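Reader: Hey, got a minute to go through this one with me? I'd like to start with a single side chain and work outwards.

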Amino acid sequence: MTRSPLTLAVVSTLLFAAPLAAVADPIPKQLSGPPEEFAQMRVPDPAESAIYSHSALLPVQMSERGAGWQMALPVENGKVRFLVFSGNNADWQLQLQSPTGRRIAAAELGAASKPTDFALEEASVPASYYAVEGLESGSWILQIDAGASRSQAGYVLLEGDEATELLSYPAHRRQIVGERLDVVATLGGSANAKAGSAARISDATLRVTGPDGSVRSYPMFDDGMHADAQAGDGVYGAGFVAGQSGSYLAQVVANGTNADGLKVVRTAEHVLPVIDASLQLRSAAAVSVSTRADGRFSLDVPVATSKPDQHYRAYAEVWGRDGSGKPVAIAWVGGMVAPDKNGSLGLNFDSRWISRAKAQGPFELRDLRVEDPDHFVTLASARTMDLQMPQRSQFAAAPAEITESMRMGPRPSGENAIKGVGSRLILVHGYCSGGVWPASQFSSASSFLDVNQNRSHDQFARLLQSYGSTWNSFGTIAHSQGGAASLHLYTYYWSGLDNATGSRLIQSVGTPYKGTNLAGILATLGSWFGVGCGTNDNLSYSGASAWLAGIPTSSRAKVNYYTTSFRSTNWWTNDYCQIATDLVLSDPEDGTTEQANGQLSGGVNRGHTTGQCHTSGMRDPAQYLDSSRNATMNANAAR
């Protein structure tokens with residue numbers, strides 16, 4: 001589909017795979033920012049992180065009597081590509097039958113197949129890849145016979161024409177036990193569709209796999225009563241009540257027609273983490289303000305929590321009045337916070353923001369939200385809360401420019417000061433991965449290793465902070481999720497990153513800052529086959545969007561990032577990095593991350609390179625093996 005020589009350094013490598021519980025808590029920053037950042041810090045519109053799918057992942061379930069299984073296989077453009085996941089069992093026999101009765105037997109199909117893996121880093125599922133051309137358009141029948149195989153169930157992943165895509169997204173992120181979770185979907189046609197024609201859904205189902213492995217299906221409706229906007233508008237919706245905490249997989253299966261009237265099938269796979277309601281506001285009326293020893297204010301939000309040792313991500317906007325009494329935006333305040341022994345979340349705030357805005361009372365907090373730190377699901381919120389600020393005489397004068405301490409709070413000092421020795425460049429891998437960087441190409445470098453693990457951005461960042469505490473200062477060069485974890489660490493916690501000197505603090509290659517569609521598909525496959533590293537919703541489109549809603553502009557500016565994709569050889573051939581993931585990703589992509597979703601708004605884009613793929617084992621060389629780029633990153637890296 002198409003849509004300097006280096007000094008060999010002594011490099012230290014540490015295997016770092018200790019449980020998170022054994023890691024000492026890092027010191028959180030006390031974050032604030034100007035009103036210009038309000039828009040990017042607010043909860044994003046769910047539609048902005050929608051899945052656009054031109055593929056269908058369909059379950060295979062054989063008859064107990066050995067009659068096999070069959071499905072309608074829409075052929076939209078004279079060719080078809082699909083994957084069969086049979087649990088690495090070679091006994092399955094496939095055949096195709098055309099709308100007119102012509103058959104393509106198992107032997108012919110077998111000759112057109114090849115073994116492959118559908119993978120995100122080391123999390124992979126073996127599959128058989130089939131590509132057949134010269135087919136008449138229409139609804140073919142795919143027949144699968146398990147033969148003597150014990151494997152009676154699996155999946156088929158079918159690629160459709162990119163001209164018709166299923167747009168689907170969760171209607172909200174109130175993903176708390178007891179809440180109703182809604183998902184909506186619609187079919188979109190090609191921009192070149194005939195006048196008066198459009199792609200349409202004929203019927204749709206929401207297939208939900210619960211944390212306990214149970215599967216339930218819900219019909220989707222276009223009646224204006226299922227979070228689907230207006231009746232008859234082509235948008236379908238359905239929902240379910242989340243009865244327990246854990247990761248739910250919600251798959252939309254939509255049948256319909258494209259702009260030319262041909263039958264199509266599309267699916268979208270959503271990862272929905274559901275958490276317990278462990279925190280709530282004790283009062284939504286007012287927030288008291290106390291003065292800290294360092295002269296800053298603590299905006300004490302009253303909460304009740306069943307997990308007193310838990311930390312949370314908080315955000316709120318501070319508003320006041322101007323000289324004429326009109327509302328004036330002052331700053332946002334937030335960061336990682338934990339309840340104190342009095343049941344308050346203290347959002348620490350520098351009064352110079354008030355002086356900068358020339359604001360006066362009465363003051364209030366707006367759009368307060370308190371989220372869990374791993375999935376960024378809102379546990380408590382308030383539209384407005386009165387803010388009982390001290391007298392104006394206690395406000396510090398505003399500086400000419402916004403200072404670091406206004407944005408991040410005072411640096412740790414005394415016994416809390418960063419005590420590591422020396423400086424270092426830390427090489428960071430990604431999700432379900434290991435030491436990918438060729439360490440000999442970097443000077444004064446050490447490799448962080450948390451081999452083949454599944455961590456949230458917050459867990460990953462806290463592990464990285466603990467590893468980096470050996471040194472007084474460090475910069476990072478990161479691959480894949482390691483880039484997001486480095487940015488998360490710099491944003492929320494004090495570490496050696498804050499002491500580093502040099503032009504490029506965080507450098508990343510192939511990081512899916514906006515997520516990847518592979519996260520949902522692998523989670524769905526893993527629910528049956530058991531993918532080793534497990535589900536990571538931070539890497540999904542909606543999870544990445546929720547995470548980015550707490551990352552300020554000043555932090556993003558510390559990131560220098562690169563993207564890559566496969567090299568196109570001939571205009572008439574299909575080019576790819578990984579033949580399996582090519583069925584679901586939109587070009588240009590690196591086999592894991594689409595170029596469009598590797599972008600970080602506010603970061604420094606250092607360019608796109610073709611002829612490099614995400615990791616080893618793909619068609620083109622791995623992106624982290626580019627010695628020229630590695631030399632450039634090494635020379636410019638902060639340490």
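Reader: So, Arg313: buried or exposed?
Author: Buried. In this predicted model, Arg313 has a relative accessible area of 3%, and it counts as buried because that is under the 20% cut-off.

Reader: Ok, and where does Arg313 sit?
Author: In strand β23, which covers residues 312–321.

Reader: Which backbone oxygen lies 2.9 Å from a polar atom of its side chain?
Author: The one of Trp547.

Reader: What else does Arg313 touch, leaving out residues up to four places away in sequence?
Author: Quite a list, including Gly335, Met336, Arg369, Glu371, Phe376 and Tyr492. Val370 is on it too, as are Ala546, Ala549 and Gly550.

Reader: Switching to the nonpolar stuff: which residues touch the most other members in the largest core?
Author: Ile426, Phe448 and Trp547, out of 42 residues in that core. Helix α6, residues 481–492, gives the most to this core, with six residues.

Reader: And what does the second core include?
Author: That one is separate and has 38 residues, among them Ile330, Trp353, Val370 and Ala380. So Arg313 touches Trp547 and Val370, with Trp547 belonging to the largest core and Val370 to the second.

Reader: New topic, Pro126. How exposed is that one?
Author: Partly exposed, since its relative accessible area is 29%, and partly exposed means between 20% and 50%. Pro126 lies in strand β10, residues 123–133.

Reader: How far is its C-alpha from that of Pro115?
Author: They're separated by 7.4 Å, with the two prolines 11 residues apart along the chain.

Definitions and conventions: Residues numbered from 1 in each chain as written. Predicted model: local features only at pLDDT ≥ 70, side-chain atom pairs only at ≥ 80, totals over all residues. Heavy atoms only, no water. Helix = DSSP H or I, 4+ residues; strand = E, 2+ residues; numbered from the N terminus. Buried < 20%, exposed > 50% of the residue type's maximum accessible area, 1.4 Å probe, protein only. Polar contact = N/O pair within 3.5 Å; in protein donor to acceptor, adjacent residues only side chain to side chain. Contact = heavy atoms within 4.5 Å. Core = buried A, V, L, I, M, F, W, Y, C linked by side-chain atoms within 4.5 Å.
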